[in-house]
Amino acid sequence: DEAIELAELAKRMGIKANEMIAKLMGMGVMATVNQTIDYDTASLVAAEFDFEVEKASFEEEALLNVVPEEEDKSALETCPPVVTIMGHVDHGKTSLLDVIRKSKITSGEAGGITQHIGAYNVETANGGRITFLDTPGHAAFTAMRSRGAQVTDIVILVVAADDGVMPQTVEAINHAKAAGVPVVVAVNKMDKAGADPDRIMRELAEHDLLAEDWGGNVIFVKVSAKSGEGIDELLEMVLLQAEVLELRANADRKAMGYVVESRLDIGRGAVATVLVKQGTLKDGDPIVCGLHSGHIRAMIDDSGNRVESAGPSTPVEIVGLAGVPDAGDEFVAVASDKDAKQIAAHRMQKQRAKELAKKSRANLQKMFENL
Ligand code: GTP
Ligand code: MG
């Protein structure tokens with residue numbers, strides 16, 4: 001694993017690369033200036049020049065702000081649940097979020113189809129807070145889960161009462177099951193003439209989602225994004241479910257969380273919507289995010305206002321990363337810009353080594369195929 005370029009090693013020892021190549025040749029090792037030599041070879045050739053080679057291991061964990069579990073435990077406080085709204089196309093996910101926020105997200109969207117993941121924090125009638133993620137299809141959710149990013153605490157499964165369980169409904173159920181998060185069912189479009197909530201309950205029972213009314217443990221709420229029926233009850237039920245989960249976070253530490261979406265903005269550079277899971281993210285914080293480093297130059301909340309800090313379960317847009325991270329990437333606030341850069345550089349190097357190894361394997365394969 002540990003290796004150094006021959007030229008670099010020679011430079012550090014203050015000898016000419018040619019001398020080193022000659023010495024290596026004397027040892028029976030053919031080498032060129034641009035070659036990388038492994039630790040053992042480096043040690044041997046260095047010894048020939050009366051040098052000793054020391055392994056400098058890089059411990060990423062030492063630079064990340066890993067908080068001792070005990071210390072973390074004592075500082076835990078209740079935090080808002082992060083809720084993902086899922087369901088089949090056109091069953092009313094965005095419309096529901098719309099009435100919940102009492103805003104008009106749907107009407108502003110091109111063709112009424114969700115183009116991005118929105119992340120919003122709302123305050124309910126009785127003062128509870130919930131963070132919502134509105135997903136476009138489920139690609140981002142899948143990407144996050146495949147990286148082990150536990151972003152969602154609860155899934156609201158939206159099923160149109162006049163349409164029933166559809167392919168993407170089943171997909172959503174499977175996502176929730178795989179993530180091990182509870183589902184609250186919102187039977188939507190109750191205002192419509194063809195609404196048949198019993199049918200929805202029956203069809204979902206076949207997918208192991210048995211309603212409380214039928215002796216199961218899944219909360220069903222009949223709602224209409226159009227009339228507003230059942231919305232307050234839905235929010236109450238989500239908060240109830242959250243209470244059972246006992247969601248806690250330590251706000252009093254450096255932040256960590258996940259990227260929900262990201263893009264390159266012509267004026268502002270890399271922009272990422274992140275969800276803080278632990279700690280408090282502050283303006284100016286040096287951070288590492290996926291393969292990139294940077295520090296927070298600006299933070300914007302879900303209403304478009306600049307904020308100085310963001311605590312657990314808060315979604316914010318951040319500006320200041322050197323590159324665009326991927327959805328699902330973890331971000332961590334660290335002690336200094338130097339630490340952030342070092343970690344990112346190390347990750348980038350590892351990534352490159354991986355790609356190189358893949359490429360050379362592919363080339364080897366091709367060589368054999370051409371034989
Ligand atoms: P995608 O983002 O494309 O997957 O759709 P969505 O699930 O977000 O559905 P959206 O909120 O865009 O709603 C689809 C259509 O159903 C729109 O025309 C809404 O006006 C309509 N709609 C949503 N909820 C209700 C409801 O409760 N009652 C009635 N009558 N129509 C609704
Ligand atoms: Mg939508």
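**Exercise 1. Strand 8 in the predicted model**

Task: In this predicted model, determine how many residues of strand 8 are buried, and where their side chains point.

Solution.
- Step 1. Apply the cut-off: buried means under 20% relative accessible area.
- Step 2. Count. Six of the six residues of strand 8 pass, so the strand is largely enclosed by the rest of the structure.
- Step 3. Sort by direction. Val183, Val185 and Val187 point one way. Val184, Ala186 and Asn188 point the other way.
- Step 4. Recall the rule: in a regular strand the side chains alternate between the two faces of the sheet.

**Exercise 2. Neighbours of strand 8**

Task: Find how strand 8 pairs with strand 7 and with strand 9, and give the hand of each crossover.

Solution.
- Step 1. Take strand 7. It pairs with strand 8 in the parallel sense, over six bridges. Leucine 157 has valine 185 of strand 8 as its bridge partner.
- Step 2. Trace the connection. From strand 7 the chain runs through helix 9 (residues 167-179) to strand 8, a right-handed β-α-β crossover.
- Step 3. Take strand 9. Its pairing with strand 8 is also parallel, over four bridges. Here valine 185 stands opposite phenylalanine 220.
- Step 4. Trace again. Strand 8, helix 10 (residues 197-205) and strand 9 form a β-α-β unit, and this unit is right-handed.

**Exercise 3. The nonpolar cores**

Task: Identify which elements build the largest nonpolar core, and which of them gives the most.

Solution.
- Step 1. Size the core. It has 28 residues. Those with the most contacts inside it are Val83, Leu96, Ile130, Phe132, Ile156, Val223 and Leu234.
- Step 2. List the suppliers. At least two residues each come from strand 4 (82-87), helix 6 (93-101), strand 5 (118-123), strand 6 (129-134), strand 7 (154-160), strand 8 (183-188), strand 9 (219-222) and helix 11 (231-245).
- Step 3. Pick the top supplier. Helix 11 gives the most, with seven residues.
- Step 4. Zoom in on valine 223. Beyond four places in sequence, its contacts include Leu96, Ala186, Ile231 and Leu234.
- Step 5. Look for another core. A second, separate one of 22 residues includes Ala172, Val181, Met201 and Phe220.

**Exercise 4. The two sides of helix 3**

Task: Establish which residues of helix 3 are buried, and what they pack against.

Solution.
- Step 1. List them. In helix 3 (residues 39-48), Thr41, Ala42, Val45 and Ala46 are buried.
- Step 2. Look down the axis. These residues fall within an arc of 130°, so they line one face of the helix.
- Step 3. Turn to the other side. Asp40 and Leu44 are exposed there.
- Step 4. Name the packing partners. The buried residues pack against strand 1 (3-5), helix 1 (6-13), helix 2 (17-26) and strand 2 (36-38).
- Step 5. Check the end. Just after helix 3, aspartate 50 has a positive phi of about 65°.

**Exercise 5. Two polar residues**

Task: Decide whether histidine 88 and threonine 273 are buried or exposed, and describe their surroundings.

Solution.
- Step 1. Place histidine 88. It sits in the loop between strand 4 and helix 6.
- Step 2. Apply the cut-off of under 20%. Histidine 88 counts as buried because its relative accessibility is 14%.
- Step 3. Follow its side chain. The side chain of histidine 88 reaches the backbone nitrogen of glutamine 168 at 3.3 Å. Histidine 88 also touches Lys93, Val158 and Met166, among others.
- Step 4. Place threonine 273. It lies in strand 12 (residues 269-278).
- Step 5. Test it. At a relative accessible area of 9%, threonine 273 is buried.
- Step 6. Inspect its contacts. Among them, beyond four places in sequence, are Ala119, Tyr258, Val260 and Val316.

Methods:
Residues numbered from 1 in each chain as written. Chains lettered and ligands numbered in written order. Predicted model: local features only at pLDDT ≥ 70, side-chain atom pairs only at ≥ 80, totals over all residues. Heavy atoms only, no water. Core = buried A, V, L, I, M, F, W, Y, C linked by side-chain atoms within 4.5 Å. Buried < 20%, exposed > 50% of the residue type's maximum accessible area, 1.4 Å probe, protein only. Contact = heavy atoms within 4.5 Å. Polar contact = N/O pair within 3.5 Å; in protein donor to acceptor, adjacent residues only side chain to side chain. Arc of directions from axis to C-beta. Pairing = 2+ DSSP bridges. Right-handed = clockwise from strand over helix to strand, strands pointing away.
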